[in-house]
Amino acid sequence: MAHEYDLVILGGGTGGYVAAIRASQLGLKTAIVEKGKLGGTCLHKGCIPSKALLRSAEVYSTAKRGEEFGVMTGNVGLDFSKVQERKSKIVDQLHKGVQHLMKQGKIDVYEGLGRILGPSIFSPMPGTISVEMNNREENEMLIPKNVIVATGSRPRSLPGLDVDGTYVMTSDEALEMEEVPKSIIIVGGGVIGIEWASMLSDFGTEVTVIEYGDRIIPTEDKDISREMQRLMKKKGVKIITGAKVLPDTLEKGEGVTISAEVKGGKQEFHAEKLLVSVGRQANVEGIGLENTDIVKENGFVVTNEFFQTKESHIYAIGDCIGGLQLAHVASHEGITAVEHIAGKDVSPIDYSLVSKCIYSSPEAAGVGMTEEEAKEKGYDIKTGKFSFRAIGKALVFGESDGFVKIIADKATNDILGVHMIGPHVTDMISEAGLAKVLDATPWEVAHTIHPHPTLSEAIGEAALAVDGLAIHS
């Protein structure tokens with residue numbers, strides 16, 4: 001039996017289920033096809049479980065420093081099984097919440113693998129969805145007026161570094177570790193690699209990060225990258241940059257041994273486990289794209305600014321289209337696509353207004369251009385930087401490393417970018433994001449009265465520092 005819908009969404013991750021809720025709000029009869037669990041990678045294999053582990057690592061690290069706060073904690077121990085149990089409880093609670101939202105919105109959920117069919121007796125255009133159900137043999141046939149592909153992504157590996165889940169892992173397998181490894185090699189010093197380096201170091205693992213580029217977190221402002229590298233080394237993380245891993249040298253047995261080309265020489269590394277963290281690739285295989293005129297480039301689906309593919313009634317959002325592979329971006333892409341489907345007056349997303357976060361310890365966050373990007377685009381800039389060492393709340397927290405940096409255009413005084421590293425900056429970056437949306441100037445941010453004592457005072461002081469007027473520097 002065939003079921004007709006206004007919209008069928010392939011993938012129930014953050015982008016997919018948010019799009020479904022918005023479609024329901026707009027009165028569209030909507031279905032989601034999800035072969036795994038609602039919530040997708042973010043909820044089950046990414047954002048939420050990794051941040052739960054990072055929080056446990058932070059608490060463990062802080063507890064060991066208890067005497068600094070006058071708290072005699074004695075011998076602090078780690079029960080990693082309880083760490084994993086807490087992580088699972090959080091994920092389960094949020095999963096139930098998403099399921100409830102689907103019922104509340106009267107959104108049909110098909111648990112299975114959906115494939116786009118070509119023109120058929122059901123429709124003269126490609127887009128009919130055949131669902132290979134998880135729990136029964138017969139397929140369901142869905143006939144939508146519109147389709148959104150929201151199939152997400154998975155960790156990428158390197159040729160020759162075959163993931164076995166025991167010696168060689170991606171973040172997917174690492175999230176399910178039953179014990180904290182004594183030592184680990186992390187191949188890749190991007191956002192995910194640095195989060196894992198921070199977490200495992202705080203848990204007591206000897207961590208070595210091998211990064212191909214000349215610096216870690218290479219997409220961030222150089223000042224943030226340098227400070228992160230300094231603070232990672234301060235907590236004992238070994239960081240090797242400008243290093244090309246040689247997969248054919250991989251040996252497994254008593255742990256893992258691998259070599260890398262470093263500064264013209266060859267260096268060998270040994271650890272209990274190896275974590276590959278070299279980016280993510282789109283989940284676009286086996287979903288029937290070959291039955292359509294949809295175009296792919298570098299493995300990602302190509303869309304216009306409203307997320308329409310070459311098949312105008314088929315849209316694509318989130319990680320499968322590349323770009324900023326972030327959960328909050330996927331959600332807004334989904335909302336934009338649905339509103340376009342519904343005939344609303346929609347503005348394209350301005351990706352320069354998207355805040356990006358790194359949940360390591362210390363945290364880092366940024367929005368807008370880096371200093372390097374601003375200069376490359378020809379701006380005559382002025383910058384202000386303010387250290388958390390001069391912020392009372394940071395000293396109270398016992399976390400005073402890091403700073404806030406603001407980049408502004410000398411000609412217009414507009415804020416071009418804001419970048420932070422330090423305590424709880426992932427919660428603070430939204431003020432900078434709002435400033436960008438409102439096209440604010442440093443003067444306007446500086447004259448926003450920031451309550452004392454708070455960490456947010458660093459933003460106001462950095463804004464003053466742009467014009468050399470910081471009070472506490």
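**Notebook: helices, sheet and a surface patch**

I began just past helix 8, which is followed by G343, a residue whose phi is positive, near 80°. I note at the outset that this is a predicted model, and I read every entry below with that in mind.

*Helix 8.* I then looked at helix 8 itself, residues 327-341, and checked its length: at 1.5 Å a residue its 15 residues should span 21 Å, and the end C-alpha atoms are 21 Å apart, so the expected and computed spans agree. I listed its buried residues as V329, A330, S331, E333, G334, T336, A337, V338, E339 and I341, a list that holds E333 and E339 alongside V329 and V338. When I looked for what covers these buried residues, I found strand 1 (2-10), helix 1 (14-25), strand 5 (140-149) and strand 18 (314-316) among the elements that do so.

*Helix 3.* I made the same kind of check on helix 3, residues 47-64, where 18 residues reach 26 Å from the first C-alpha to the last, close to the 26 Å expected at 1.5 Å a residue. Its buried residues are P49, S50, A52, L53, L54, S56, A57, Y60 and S61, and I found them packed against helix 2 (40-44), helix 4 (80-104) and helix 6 (191-203).

*The parallel sheet.* I traced an open sheet of five strands, in the order 7-14-8-9-10, with parallel pairing. At its edges I placed strand 7 (168-169) and strand 10 (238-240), each of which pairs on one side only. Within the sheet I followed strand 8 (residues 183-187) alongside strand 14 (residues 273-276), a parallel pair held over four bridges, and I noted that I186 has L275 of strand 14 as its bridge partner.

*The hairpin.* I turned next to strand 11 (residues 243-253) and strand 12 (residues 255-262), which pair in the antiparallel sense over seven bridges. The two are joined by a hairpin through one residue, and across the pair I found L246 standing opposite S259 of strand 12.

*The surface patch.* Last, I looked up a nonpolar surface patch of about 310 Å², made by L434, V437 and L438. I located L438 in the loop between helix 11 (425-437) and helix 12 (442-446). Is L438 buried or exposed? I recorded L438 as exposed, because its relative accessible area is 60%, and exposed means over 50%.

Conventions. Residues numbered from 1 in each chain as written. Predicted model: local features only at pLDDT ≥ 70, side-chain atom pairs only at ≥ 80, totals over all residues. Heavy atoms only, no water. Pairing = 2+ DSSP bridges. Patch = residues over 30% accessible without salt bridge, like charges linked within 9 Å, V, L, I, M, F, W, Y side chains within 5 Å. Areas by Shrake-Rupley, 256 points an atom, 1.4 Å probe, with all protein chains shown as cover. Salt bridge = Lys/Arg side-chain N within 4 Å of Asp/Glu carboxyl O. Buried < 20%, exposed > 50% of the residue type's maximum accessible area, 1.4 Å probe, protein only. Expected span 1.5 Å × (residues − 1). Contact = heavy atoms within 4.5 Å.
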